[in-house]
Amino acid sequence: MLAAILVMSGIALVLGGILGWAAIRFRVEEDPLVEKIDAILPQTQCGQCGYPGCKPYAEAIAKGEADINRCPPGGEDGVKRLAELLGVEPKPLDEGLTHKPKSVAVIDENLCIGCTLCIQACPVDAIVGAAKQMHTVIPELCTGCELCVAPCPVDCIHMEVIKEDVSSWKWRYPIISLKRAA
Amino acid sequence: MSAARGRKLYTFPGGVHPEEHKAESAGRPIAAMPLLPLYVVPLRQHIGEPARPVVQVGQQVLRGQMIGAPQGYVSVGVHAPTSGRVVAVEPRPVPHPSGLKDLCVVIEADGEDRAIDMTPLDWHRMDPSALRNRLREMGLAGLGGAVFPSFIKLNPGARRQIPILILNGAECEPWITCDDRLMRERASEILIGAAIMRHMLGAEQVLVGIEDNKPEAIACMTAAAVGSDVEVVPVPTVYPAGGGKQLTYTLTGRVTPSRGLSTDVGVQMFNVGTAYSLYRAVTFGEPLLSRIVTVTGHVASPGNFEVRLGTPVADLLAAAGGERPQATGRVVGGPMMGFELHDTAAPVTKAVNCILVKNAQLFPEPPPPMPCIRCGECARACPVELQPFELYWYAHHRDFGKTQAYHLFDCIECGCCSYVCPSHIPLVDFYRFAKSEIWAREREKQAADQARARHEFRTFRLEREKQEKAEKLAKKAAERLESGAVAAEDPEAARKKAILAAAIEKAKKAKEAVQPKNVDNLPAEVQREIAAIEARRRGGADEPEAAATARTTPNP
């Protein structure tokens with residue numbers, strides 16, 4: 001009887017020891033929540049959510065300070081994916097925020113006076129130029145955040161909706177018309 | 001032929017037997033097209049990056065002159081189909097399922113059809129890489145439908161050699177007969193093209209796979225292959241026997257891995273039309289300027305035509321006697337995999353192998369789709385052994401992760417599942433939708449990753465600049481302190497004062513440096529007036545200066 005108890009507890013100790021060691025040795029570094037949220041956010045860096053960029057908004061969501069429906073560029077789809085990740089109910093975008101089609105900033109190069117204010121405003125360094133030199137937007141890098149539009153003293157920046165072309169065209173969701181079978 | 005009889009053929013799973021409708025267009029020899037007054041040549045005719053226009057409006061061009069240069073690796077050149085004048089470089093309708101416009105070079109023919117100097121390529125002795133480069137410039141791309149740049153496929157790469165070369169003459173899609181006619185009429189030219197391919201790939205074996213519903217083509221190719229070790233193999237007629245992976249399996253028994261290429265199992269495949277255009281490119285130095293196109297269906301006289309790339313479809317239809325009354329639409333490609341043509345002003349491109357005119361009898365409106373009953377017919381028909389009903393289920397619910405788990409990207413969009421579906425569900429449309437949605441998300445994700453990296457670097461840079469500035473000012477202040485310019489009782493206040501003084505001085509200097517340049521060439525009295533105003537201004541000098549300081553300080 002005593003031998004059996006000793007053997008059993010001996011085995012338990014050894015196995016427990018192995019498990020404990022394995023838990024430390026093979027610990028899986030899990031993606032922190034902030035990173036996962038940040039990966040869903042569109043990285044427009046527009047600040048419409050009220051935070052100075054996507055990362056701070058992700059941090060606020062992770063802390064529970066901000067709601068998930070404050071990102072207009074992400075749109076409903078983004079809210080849905082955040083809801084899925086966080087295990088909450090999706091909801092429509094917060095009041096006053098609307099999802100707009102993706103666009104890029106365009107500088108009217110005839111009007112630009114080279115003040116560099118838009119360059120300072122651009123969160124992703126997508127505007128090239130120098131003081132008293134014409135500026136221009138690199139369209140491939142522009143996230144369409146509109147942060148450069150307001151600072152321009154001569155209103156030479158406008159947003160242009162990206163038009164669909166042959167290379168960016170997507171097959172539509174097949175719409176099956178409901179007709180009465182003849 | 002004896003070797004062909006001995007070859008063991010493998011049967012791929014699934015497949016269907018749609019009505020062939022080949023007889024309508026296969027009977028007549030390939031007809032030439034008259035020279036047209038206007039050609040519209042799209043710059044995106046191949047998979048990959050579109051060509052970059054290298055001609056200007058008003059420029060004279062010759063037949064065979066490059067009008068679009070390849071840009072990026074997966075890209076080939078585009079050439080003028082005849083001599084004439086470039087009248088526009090602008091978006092025009094193109095044969096694309098979207099119906100959108102794309103950049104085209106529009107050439108007004110001068111009727112002379114003068115060509116550039118074309119020099120044949122010495123393919124035996126040429127450096128393989130130089131030869132491939134020439135083929136890239138000459139615009140060679142696969143004419144079977146995928147229009148993948150041929151020079152890339154002709155590079156054996158790190159493998160050094162690809163043992164088996166297959167010429168694809170199966171032409172399994174109903175209605176289409178352009179490869180059939182080409183094999184009947186130009187068999188020996190195709191085989192010369194094949195010999196060049198074989199040389200470039202280092203292939204030991206050349207097989208030509210032709211569906212057994214084309215006995216004339218098989219006979220012609222076999223006759224042309226006499227005396228060589230090229231093996232012409234008739235394969236059973238079952239759609240999609242001409243699919244790359246399907247034909248590879250039928251002829252060799254080798255299975256192309258999921259999401260892999262046939263080269264992974266030592267096989268490279270080209271369409272017979274591509275072999276013919278390679279023959280022309282090498283033997284005559286002629287870039288890819290034309291292709292064979294089947295015009296069939298509800299037209300007055302169906303047949304095959306040798307069409308210059310850039311020929312508007314409307315002119316091609318006219319050459320086939322025009323559409324008969326009550327046509328209900330046109331399809332580019334065949335009925336299984338083709339797409340609707342929105343505008344007959346769109347031109348023939350390298351990818352267009354057939355224009356099929358529909359009418360209500362041949363192509364009745366499909367009955368309304370009904371719910372999926374999970375009967376499994378689609379899975380039995382699928383030549384890639386997928387489960388189309390599951391794919392449909394998840395694509396329908398936009399669960400794209402699951403569609404990928406069910407190997408959506410192994411789908412070749414052959415349309416067998418839609419063909420057999422008793423509920424008439426347009427299954428392939430759902431798969432195309434899911435695929436393009438996944439690609440779009442991938443593009444968006446890449447753009448977001450780039451934006452994140454750039455934003456993070458910018459934040460880091462601003463922080464660094466701020467720190468550097470503070471350090472510089474602190475150093476300056478310390479210097480002043482040492483020189484005894486400021487009383488040393490309160491070092492913190494002194495430092496602040498020094499910073500302030502330095503900033504004011506810097507602003508002053510900046511202001512002095514900026515001199516208005518628009519007053520140089522003014523008459524003397526205006527200059528005097530300006531001087532007077534400036535003097536008056538300097539009377540209350542301090543205030544505007546402070547304002548200037550505030551303005552030049554950047555907002556962090």
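How far apart are the mean positions of the positive and negative charges of chain B? In this predicted model, the separation is 4 Å. The two means are taken over 67 positive and 64 negative charges.

Chain B contains 18 helices and 17 strands. Its radius of gyration is 34 Å, whereas the globule rule gives 24 Å for 556 residues. The value for chain B is well over that of the rule, so the chain is more spread out than a compact globule. The extents of the C-alpha trace were computed as well. Along the principal axes, the trace of chain B spans about 110 × 60 × 55 Å.

Burial and contacts were then examined. Of the 556 residues in chain B, 46% count as buried. Contacts in chain B with a separation of 6 or more were sorted by distance along the sequence. Residues 24 or more positions apart account for 72% of these contacts. The exposed area of chain B is about 27300 Å². Carbon and sulfur atoms supply 54% of this area.

Chain B also meets chain A. The contact draws 32 residues from chain A and 35 residues from chain B. About 3000 Å² is buried between the two chains. Carbon and sulfur atoms give 58% of that buried area. On the chain A side, three residues lose the most area to chain B: V166(A), W171(A) and Y173(A). Together, V166(A), W171(A) and Y173(A) make up 26% of what the chain A side buries.

Technical notes. Residues numbered from 1 in each chain as written. Chains lettered and ligands numbered in written order. Predicted model: local features only at pLDDT ≥ 70, side-chain atom pairs only at ≥ 80, totals over all residues. Heavy atoms only, no water. Helix = DSSP H or I, 4+ residues; strand = E, 2+ residues; numbered from the N terminus. Rg over C-alpha atoms; globule rule 2.2 N^0.38 Å. Buried < 20%, exposed > 50% of the residue type's maximum accessible area, 1.4 Å probe, protein only. Contact = heavy atoms within 4.5 Å. Areas by Shrake-Rupley, 256 points an atom, 1.4 Å probe, with all protein chains shown as cover. Lys, Arg positive; Asp, Glu negative; His and termini not counted. Charge placed at Lys NZ, Arg CZ, Asp CG, Glu CD. Buried area = accessible area lost by both parts, 1.4 Å probe.
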